Amino acid sequence: NTTKPVSICTWGFTKANETAGLALENGYNALDAAIKGVAVEEENVKNTTVGKGGAPDREGNVTLDACVMNSNGDAGAVVCVENITNVAALAKVVMEDTPHVMLAAKGAEELAYEKGFVSENLLTENSERAYREWLKTSEYKPIINIENHDTIGMLCMDTNGDIAGACTTSGLSYKMRGRVGDSPIIGSGLFIDNEIGGAAATGMGEEIMKTVGSFLIVELMRQGKSPQEACEEAVQRVVSKNSGYQEFQVAYIAMNKKGETGSYCIHPGFAMMEYKDQKNTRIESDSYIKK
Ligand code: SD4
């Protein structure tokens, strides 16, 4: 008994998730709906962790990371890309129009222009002001705490019951130049296996990568765990491998082939959006550390 279509995403991105949900209702396939959904946040200059308006690295450059995965198991990713807002759509171009899975920096940017993407200044006045403020102390604390992150990972199941997803971010604020987190790494920030389901992550990318979190969740669902149980076990894995877990946030969302969903995180404060039965609902996530 499968509910479809379904869309879920990290954080309270009401409009992004609704956009994806409505696109699915209108017959979009799962990947195109997810890309359309996350584009809402890529274009939202108030979101300082995704796309245009994203916080720069510690030298003042906004560099974006994204990946997509479709229901055939094809994947595309771009890392450390400047001047392009819709990097999830660019990741799809890498997947479809090149023989590769991942392109970095200038090479990805050049491909974007070749395909008609426009160059934009991603550093908004507000993020430049915040950056200048940060420069006064230049305290390099590459720690994702509970509030200062808003990466969007999205999982969609279309009316055919096929699952795909997208994940897009500007990464850690004031990161080292060239630093890439989990979000564009297939298996870490996102993983889809259309026979089983999908998962996506947000939070401290280094910890998510070291435990290959999204792949782990899909494999746990393959073994029979529910999306909720699988997210819990993946958070448990991070916690058991790093005794410093009190200091950073990691959060996961997951969906299986029945359209069942789950989410879990280390610290209270994480939520996901779920579009199901034509309703778009915010679901507060349970956490390893209780309030
Ligand atoms: C990263 N996981 O680059 C991302 C950061 C994030 O909301 O999720 N921010 O490590």
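Which residues in H1 meet which residues in H2? In this predicted model, Lys 15, Ala 16, Asn 17, Thr 19, Ala 20, Ala 23 and Leu 24 are the residues on the H1 side. Their counterparts in H2 are Asp 32, Ala 33, Ala 34, Lys 36, Gly 37, Val 38, Val 40 and Glu 41. By class, this contact of H1 with H2 comprises eight nonpolar, three polar and four charged residues.

**Geometry of the helix pair**

Two packed helices are described by the angle between their axes and by the distance between the axes. Helix H1 covers residues 14–25 and helix H2 covers residues 30–42; their axes come within 8 Å and cross at roughly 155°. Because angles over 145 degrees count as roughly antiparallel, H1 is roughly antiparallel to H2. The crossing in which H1 passes H2 is right-handed.

**The annotated active site**

An unreviewed UniProt entry places the feature "active site" at Thr 151. In the model, Thr 151 is found in the loop that runs between helix H5 (125–137) and strand S5 (152–157). Thr 151 counts as buried because it has 31 C-beta neighbours inside 10 Å. Leaving out residues up to four places away in sequence, Thr 151 touches Thr 10, Thr 49, Val 50, Thr 169, Ser 183 and Thr 202. One of these contacts, Thr 202, is also listed by UniProt under "binding site".

**The annotated binding site**

For the feature "binding site", the unreviewed UniProt entry lists Arg 179, Val 180, Gly 181, Asp 182, Thr 202, Gly 203, Met 204 and Gly 205. Val 180 is found in the loop between strand S6 (163–169) and strand S7 (190–193), and Gly 181 lies in the loop between S6 and S7 as well.

Val 180 counts as buried, since it has 20 C-beta neighbours inside 10 Å and a residue is buried if 20 or more lie within that distance. Gly 181 is likewise buried, with 27 other C-beta atoms within 10 Å.

Apart from neighbours within four places in sequence, Val 180 is in contact with Asp 65, Val 79 and Cys 80. On the same basis, Gly 181 touches Asp 65, Thr 169, Gly 171, Leu 172 and Gly 205. Asp 65 is thus a contact of both Val 180 and Gly 181. Thr 169 is a contact of Gly 181 and of Thr 151.

The burial of the three annotated residues is set out below.

| Residue | C-beta neighbours inside 10 Å |
|---|---|
| Thr 151 | 31 neighbours, buried |
| Val 180 | 20 neighbours, buried |
| Gly 181 | 27 neighbours, buried |

Definitions and conventions. Residues numbered from 1 in each chain as written. Predicted model: local features only at pLDDT ≥ 70, side-chain atom pairs only at ≥ 80, totals over all residues. UniProt positions renumbered as here; feature names shortened; annotations may be inferred. Helix = DSSP H or I, 4+ residues; strand = E, 2+ residues; numbered from the N terminus. Buried ≥ 20, exposed ≤ 12 C-beta atoms within 10 Å, placed from the backbone. Contact = placed C-beta atoms within 7 Å. Axes fitted to C-alpha atoms, helices over the stretch in contact; angles between N-to-C directions. Parallel < 35°, antiparallel > 145°, perpendicular 65-115°, else oblique. Left-handed = near helix turned anticlockwise from the far one by under 90°. Nonpolar A, V, L, I, M, F, W, Y, C, P; charged D, E, K, R; others polar.
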